[in-house]
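Take a walk through this model, from its annotated spans to its sheet. Keep the structure open alongside the text.

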Amino acid sequence: MSDLFRQIRYLLTHRFNLQEDKAEESDIVSSIRKNVDFRGANLWALIFAIFIASIGLNVNSTAVIIGAMLISPIMGPVMGIGLGIGINDLELVKKGGKNLLVATIIAIITSTIYFSITPLHEAQSELLARTSPSTWDVFIAFFGGMAGMVAASRKEKNNVIPGVAIATALMPPLCTAGFGLAMGKWYFFFGAIYLYFINSVFIAIATFLMARYLKMHKKVFETPGAEKKVTRYVILIVVITIIPSVYMAYRIVNRSIFESNARKFVEEQFHFDNTQVVSKSFKYSSDKKSIDLLLIGNILDKPVIDSLKLHMNKYRLNNVTLTIRQGLDARHQLNFSQIKASILEDVFSSRAATDTIRVMPKKNVAIDSVVILEMKFLYPTLKTFGVNKIAIRTADSLRVDTQKIAMARFGKPLRKPDVVKLQQWLQQRYQSPSLKLIIQ
């Protein structure tokens, strides 16, 4: 048994050994230190990369964004900070922090200038993706930093560093921050800076941990007092850096778990024949979490809604507010001109064979057709609908008045409040305050 254990141990240590092709420590430190400085070629490369990344985000081109990340040298200062912490080199930490600050400011100014002069001001999907960090961004930055340090410590350099630059994506958040400043959208700015900070912190932490795993020698000072002082400074920097990042990582994890549970709850519980969810939003904050749904079709009764709320506990959605907008209250939030044909087909297809809507042939056939679609969208039990003007004569005179009448028939009786709301909506829809609704 002991022989088998020794063989397994030897196999693992042989396979995962990082000391065999490790470069000289002086070469590793020199290589990383050289990439920390942001002046001359590095500075110009950063500016050009920022312009390219900004254009890529502006036109929503993933290939262009990847190209910009390959050019960017911004990972140098981040790895310098991590390595400096790992080998007790306070000078390298200060140098890395100073150059990272300079690079960040220049990058934001450059991207702000671009987005201020570009004629394209719409936020594309690639840009929007950099405003809301997720749990996966933390893990990508951490493992990317690990891979970057492993690659930097090898005798023969390979293509890992460019891959790390792409995976950790430090450039796009800076460009997004510039977009936020140029457009005056602070949500974009702070969300992007938040993502950039997370990526930088976890790359530095990963570099620090890998430096300790590789057992790189710590800096030795002439006097023990100086070494203790540097050690205290390094520990202070590590604590100041780690505590906020851990808290933010905790928030990110909780938010991702909440959104995943909320999405699963909606997908599994909101299955109704004549009611569909057309819009959903999940809001997360430290003091309040909520799910906001917009429904079309048959109105869900209070017992059904209460039952849905009870099921929320099964999805770990305790103390989460569930808001359901339906019926005519939802009509004001729907823009029917933007509803996709596929959604309409889903609503109508199940009843196309049995339900027939008869339109009364009138002058305003176009608007009648649109109103019918909207009403059917809100009330799938609608059977017939029509609008017409009729002549009304008073019994004691010859005076004749005209009255616009709307007649509708439903497969299921409407509640009185819904009838009132429907009449008010039809009055606005036909721009006829005197329109009367008759339910057959």
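The paragraphs below cover the annotated spans, then a helix pair, then a sheet.

This is a predicted model. Start with the record. An unreviewed UniProt entry lists residues 41-59, 65-87, 99-116, 136-153, 160-181, 187-209 and 230-250 as "transmembrane region". Two of these spans can be followed in the model. Residues 41-59 are 100% helix and 0% strand, with end C-alpha atoms 27 Å apart. Residues 65-87 are 83% helix and 0% strand, and their end C-alpha atoms lie 34 Å apart.

Now turn to helix 3, residues 41-59. Its axis comes within 9 Å of the axis of helix 10 (residues 171-183), and the two cross at roughly 75°. Angles of 65 to 115 degrees count as roughly perpendicular, so helix 3 is roughly perpendicular to helix 10. Helix 3 brings L46, A49, I50, A53, S54 and L57 to the contact. Helix 10 supplies M171, P172, L174, C175 and T176. Of these contact residues, nine are nonpolar and two are polar; no charged residue takes part.

Next comes the sheet. Strands 4, 5 and 6 form an open sheet in the order 4-5-6, with mixed pairing. Strand 4 (382-393) and strand 6 (436-439) are the edges, each pairing on one side only. Neighbouring strands are turned by 25° against each other on average, direction ignored. Strand 5 (residues 400-410) pairs with strand 6 in the parallel sense, over four bridges. Here M407 stands opposite I438 of strand 6.

What packs on the sheet? Helix 17 (residues 416-429) does, touching strand 4, strand 5 and strand 6. The direction of helix 17 makes about 135° with that of strand 6.

Technical notes. Residues are numbered from 1 along each chain as its sequence is written. This is a predicted model: local features need pLDDT of at least 70, side-chain atom pairs count only at pLDDT 80 or more; totals for chains, interfaces and linings use all residues. Side-chain values use heavy atoms; hydrogens and water are left out. Two strands pair if DSSP finds at least two bridges between them. Axes are lines fitted to C-alpha atoms, for helices over the stretch in contact, and angles run from 0 to 180 degrees between N-to-C directions. Contact means heavy atoms within 4.5 Å. UniProt positions are given in the numbering used here, feature names are shortened, and annotations may be inferred rather than shown by experiment. Angles under 35 degrees count as roughly parallel, over 145 as roughly antiparallel, 65 to 115 as roughly perpendicular and the rest as oblique. Ala, Val, Leu, Ile, Met, Phe, Trp, Tyr, Cys and Pro count as nonpolar, Asp, Glu, Lys and Arg as charged, and the others, Gly among them, as polar.
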